Amino acid sequence: MARATKAQAEATAARVLATARELFVARGYADVGLEEVAAAAGVTRGAVYHHYRSKQALFEAVLAEVQREVAEAIAAAATGDAREQLERGCRAFLAAAVAPEVRRILLVDAPAVLGWAVWRAHDAAGTRLLAEGVAAAGLAPAFTPLLNGALNEAALWIAAAPDREAALEQAWSAFEKMLPR
């Protein structure tokens, strides 16, 4: 049997990842099996295991992809002086995190699937960006964990609201009051 080329292997891994993401978003991690991912991606279960050693490893790859996309949205929005960068970055996080596919993966399933410590380790890059913004804006380091927790909770609250746009505006108004001038 011929071995797959590197490009074919990468394409298979990408197809499995995209399929898993769709299924995890639609039904949640707990209700999706690797056999189902393999069938939907048009590959064998062995191919899934070849690229991702376990269902959790596959989920972690999906999480990393989602976190990268959110970080890119934050970086694109974080313009202006240090204070504006912090505010625009926080608002961009809220806007990105309330999207159903992001909320489900990043804020609902990730802490439950990975456990608090592993989820926090995955969140370290985002927290580092927030810490840099807090420092650049001249705020005390304690604002980093406070804002991080508040942003995550606000995203869950906004996502569950019947009018997400109004909830985003309410949450943002509260954030503006929390941040010292």
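Leaving aside residues up to four places away in sequence, Asp109 touches Phe24, Gly28, Tyr29, Phe59, Arg104 and Leu114. Asp109 itself is found in helix H6, which spans residues 100-114, and, with a relative accessibility of 11%, this residue counts as buried, because buried means under 20% relative accessible area. The model described here is predicted, and the mean pLDDT of the protein chain is 92, with 98% of its residues reaching 70 or more. Among the elements of the chain, the highest mean pLDDT, 97, belongs to helix H2 (residues 34-41), whereas the lowest, 87, belongs to helix H7 (residues 116-122). As a general caution, where pLDDT is low, the predicted coordinates should not be read in detail.

Three of the residues touched by Asp109, namely Phe24, Tyr29 and Phe59, also belong together in another way, since they form one aromatic cluster. The structure as a whole holds five aromatic pairs. One of them is formed by Phe24 and Phe59, whose rings are arranged edge-to-face, at 5.6 Å centre to centre and with 65 degrees between the planes. Phe24 lies in helix H1 (residues 6-27) and Phe59 in helix H4 (residues 55-77), so this pair ties together parts of the chain that are 35 residues apart in sequence. Both partners are shielded from the surroundings in the sense of the accessibility values, as Phe24 is buried with a relative accessible area of 0%, and Phe59 is likewise buried, also at 0%.

A second contact of rings within the cluster involves Tyr29 and Phe59, whose centres are 5.3 Å apart and whose planes stand at 75 degrees, so that this pair, too, is edge-to-face. Here again distant parts of the chain are linked, with Tyr29 in the loop between H1 and H2 and Phe59 in helix H4, 30 residues apart. Tyr29 has a relative accessible area of 15% and therefore counts as buried. The face of the Tyr29 ring is, in addition, covered by a charged residue, for Lys55 lies over it at 4.2 Å from the ring centre.

Taken together, Phe59 takes part in an edge-to-face pair with Phe24 and in another with Tyr29, while Asp109 of helix H6 touches each of these three aromatic residues.

Key. Residues numbered from 1 in each chain as written. Predicted model: local features only at pLDDT ≥ 70, side-chain atom pairs only at ≥ 80, totals over all residues. Heavy atoms only, no water. Helix = DSSP H or I, 4+ residues; strand = E, 2+ residues; numbered from the N terminus. Buried < 20%, exposed > 50% of the residue type's maximum accessible area, 1.4 Å probe, protein only. Contact = heavy atoms within 4.5 Å. pLDDT = per-residue confidence, 0-100. Phe/Tyr/Trp six-rings, centres within 6.5 Å; stacked < 30°, edge-to-face > 60°. Lys NZ or Arg CZ within 6 Å of the ring centre and 35° of its normal.
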